[in-house]
Amino acid sequence: MESAEVLVHAPDPFTATGVRTLLERSPHLHVRVDDPEQDRVDAPDVTVVAVEGVAGVEVFAYLRRLQNRLGADAALKCVVVCREFRAEDILTAVECGVVAFLHRQDVTNTSLTAMVTAVSRGAAFLPGSLQGTLLERLNWLRTEVLDPEGLTLSGLEDRELAVLRLIADGYQTEEMADLLPYSEGTIKNVLYGFINRMGLNSRAHAVAYAFRTGAI
């Protein structure tokens, strides 16, 4: 089993030490407590944030600061341990990199270690009630904010997605023009506009980026 790097943050040293002690019982987790005063920090596989009460504004503010310290290329995956979480904050939480919640009363060495290990491998744990709220918020965001601007939840325009999907399927520009309601010139402009906007190097790089971000 591969080991995972875990970064722990809590509002007080006692809680941070307790979480670290629980996780360090697993030989597959390398755990360190974050020092928010440091400008830069090595990117962990999983971040664990433990708070006493409600996970809200202070947690999100910390995660945004952490993302800035890690750099834009780092993918933040956070487990939040708390007594309460407001459903109306779920979209903000996901935006900040939260992928799992664990109620403080359910914390044991086994439960916390298992969750952190699973998250390090790509899993997510959101209670059913939060999943429903998240889907409702995403649907509202798509229909009320993104669709009117011709954008998608991935941040790409509809026509960018259409072009990238066909490129991924092996179509050439002239073939795409037969399948899409765009001219060859428009298709090239769409593609090169996307490449420049995202700071990519080529068609292949554009398709790889779209795959990596889950856009296609």
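Me: What makes two strands a pair in this predicted model?

Reply: Two strands pair if DSSP finds at least two bridges between them. Strand β5 (residues 78-82) and β7 are joined by 5 bridges and run parallel, so they meet that condition of at least two; within this pairing, V81 has L102 of β7 as its bridge partner.

Me: Why is strand β7 called mostly covered?

Reply: Buried means under 20% relative accessible area, and 5 of the 6 residues in strand β7 (residues 98-103) are buried.

Me: What makes the contact of R83 and E52 a salt bridge?

Reply: The cut-off asks for a side-chain nitrogen of Lys or Arg within 4 Å of a carboxyl oxygen of Asp or Glu. The side chains of R83 and E52 meet at 2.8 Å, N to O, and therefore the pair counts as a salt bridge. This pair links distant parts of the chain, with R83 in the loop between β5 and β6 (84-85) and E52 in the loop between β3 (46-50) and β4 (54-55), 31 residues apart.

Me: Why is E52 called partly exposed?

Reply: The relative accessible area of E52 is 45%, and because partly exposed lies between the limits of 20% and 50%, E52 falls in that class.

Me: How do you know that E52, R83 and R104 belong to one network?

Reply: E52 also meets R104 in a salt bridge of 3.4 Å, N to O, and this pair ties together parts that are 52 residues apart in sequence. Salt bridges that share partners thus join E52, R83 and R104 into one network.

Conventions:
Residues are numbered from 1 along each chain as its sequence is written. This is a predicted model: local features need pLDDT of at least 70, side-chain atom pairs count only at pLDDT 80 or more; totals for chains, interfaces and linings use all residues. Side-chain values use heavy atoms; hydrogens and water are left out. Buried means under 20% relative accessible area, exposed over 50%, partly exposed in between (1.4 Å probe, protein chains only). Helices (H or I, at least four residues) and strands (E, at least two) are DSSP runs, numbered from the N terminus.
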